[in-house]
Amino acid sequence: MGYSYEYTRHAVATAPRTCGHCRAAMEVTLEVVGSSGAIPDYADTLATRERAMQAGLAHDLRRALPLVRCPTCRQRSTMAVRLAIARVAGWFALVPILPIIAPGGLDVLWLLPIGFAVAGLAQLASERARLRRADAAVVRLLAAPPPPKPAAPPPARLPAARVVSPAASAPATPTVEPLASAAPVRASEPMGDAPRLLRDRDGEP
Ligand SMILES: [Zn+2]
């Protein structure tokens with residue numbers, strides 16, 4: 001009656017990662033820790049539990065993978081690090097809110113800032129554990145970063161665009177025609193209104 005269960009599982013995952021700094025491609029094998037989240041007892045079947053566990057493991061993999069250092073440039077994903085810090089800082093940012101809003105001391109409500117602080121510490125422990133798992137990952141470099149290649153594709157696209165340009169100019173002309181046919185209709189309306197306005201203004205004084 002009203003119970004819910006949360007399951008945790010450790011697993012080893014292998015996933016591809018491309019470094020956002022140097023574009024090196026790698027294959028990462030690391031330990032992931034998945035949580036099922038709270039599953040109410042009435043829904044706690046083996047299939048439900050397995051689905052929730054797989055979602056939890058995938059969630060942890062998404063967060064841990066960009067924290068793995070690139071073997072070429074030794075960088076983690078800057079965004080992933082910032083988000084991890086923000087998740088911890090977010091809890092601690094909530095701590096002083098109640099003392100600011102209600103400085104009177106409202107007994108039971110004052111458990112809230114303590115709760116936020118405890119949640120912040122738990123989040124910090126979780127993020128640090130994930131960082132340790134990311135640092136313990138086995139990384140296999142698949143492709144070294146290609147720095148001169150980004151400069152090569154633009155000249156290849158330009159001649160291709162010139163070949164298409166005579167064909168592209170032909171369909172460009174029919175699009176002008178509906179614009180030209182629409183122009184006289186629009187022009188006639190303001191021209192019809194404008195004299196009337198002028199006449200009214202002239203008639204008033
Ligand atoms: Zn890199």
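Residues 24 or more positions apart account for 69% of the chain's contacts with a separation of 6 or more. The model is predicted, and its mean pLDDT is 79. The chain holds five helices and three strands. Along the sequence they follow the pattern β-β-α-α-α-α-β-α. Buried residues make up 9% of the 205 residues.

**Confidence**

- A pLDDT of 70 or more is reached by 67% of the residues.
- Residues 158-205 have a pLDDT below 50. Beyond near neighbours in sequence, this stretch has zero contacts in the model.
- Where pLDDT is low, predicted coordinates should not be read in detail.

**The sheet**

- Three strands form an open sheet, and their order is β1-β2-β3. The pairing is antiparallel.
- β1 and β3 (138-143) are the edge strands, since each of them pairs on one side only.
- Neighbouring strands of this sheet are turned by 35° against each other on average, with direction ignored.
- Strands of a sheet pair through backbone hydrogen bonds, in a parallel or an antiparallel way.
- How many bridges link β1 and β2? There are 14, in the antiparallel sense.
- E6 has A38 in β2 as its bridge partner. P16 is bridged to E27, also a residue of β2.
- β2 is joined to β3 by five bridges, and these two strands run antiparallel.
- E27 appears here as well: its bridge partner in β3 is R140. E27 therefore has a bridge partner on each side, P16 and R140.

**The hairpin and its loop**

- β1 (4-18) and β2 (25-40) form a hairpin with six residues between them.
- R23 lies in the loop between these strands. Its phi is positive, about 65°, although R23 is not a glycine.
- Is R23 buried or partly exposed? R23 is partly exposed, because 17 other C-beta atoms lie within 10 Å, short of the 20 that a buried residue needs.
- G20 sits in the loop between β1 and β2 too. G20 is partly exposed, with 16 other C-beta atoms within 10 Å.
- The C-alpha atoms of G20 and T78 are separated by 8.6 Å. Along the chain these two residues are 58 residues apart.

**Helix α1**

- α1 packs on the sheet and touches β1 and β2. Its direction makes about 135° with that of β2.
- Does the length of α1 fit its residue count, and what span should its 19 residues have? At 1.5 Å a residue they should span 27 Å. The end C-alpha atoms are 27 Å apart, so the two values agree.
- Which residues of α1 are buried? They are A52, G56, D60 and A64.
- These buried residues cover an arc of only 105° around the axis, so they lie on the same side of α1.
- A47 and R62 are exposed, on the other side of α1.
- What do the buried residues of α1 pack against? Their partners are β2 and α4 (111-135).

**The loop after α1**

- R74 is found in the loop between α1 (46-64) and α2 (78-94).
- Phi of R74 is near 65°, a positive value in a residue other than glycine.
- Is R74 buried or exposed? R74 counts as exposed, because it has 10 C-beta neighbours inside 10 Å, and 12 or fewer is the cut-off for exposed.

Methods:
Residues numbered from 1 in each chain as written. Predicted model: local features only at pLDDT ≥ 70, side-chain atom pairs only at ≥ 80, totals over all residues. Helix = DSSP H or I, 4+ residues; strand = E, 2+ residues; numbered from the N terminus. Contact = placed C-beta atoms within 7 Å. Pairing = 2+ DSSP bridges. Axes fitted to C-alpha atoms, helices over the stretch in contact; angles between N-to-C directions. Expected span 1.5 Å × (residues − 1). Arc of directions from axis to C-beta. pLDDT = per-residue confidence, 0-100.
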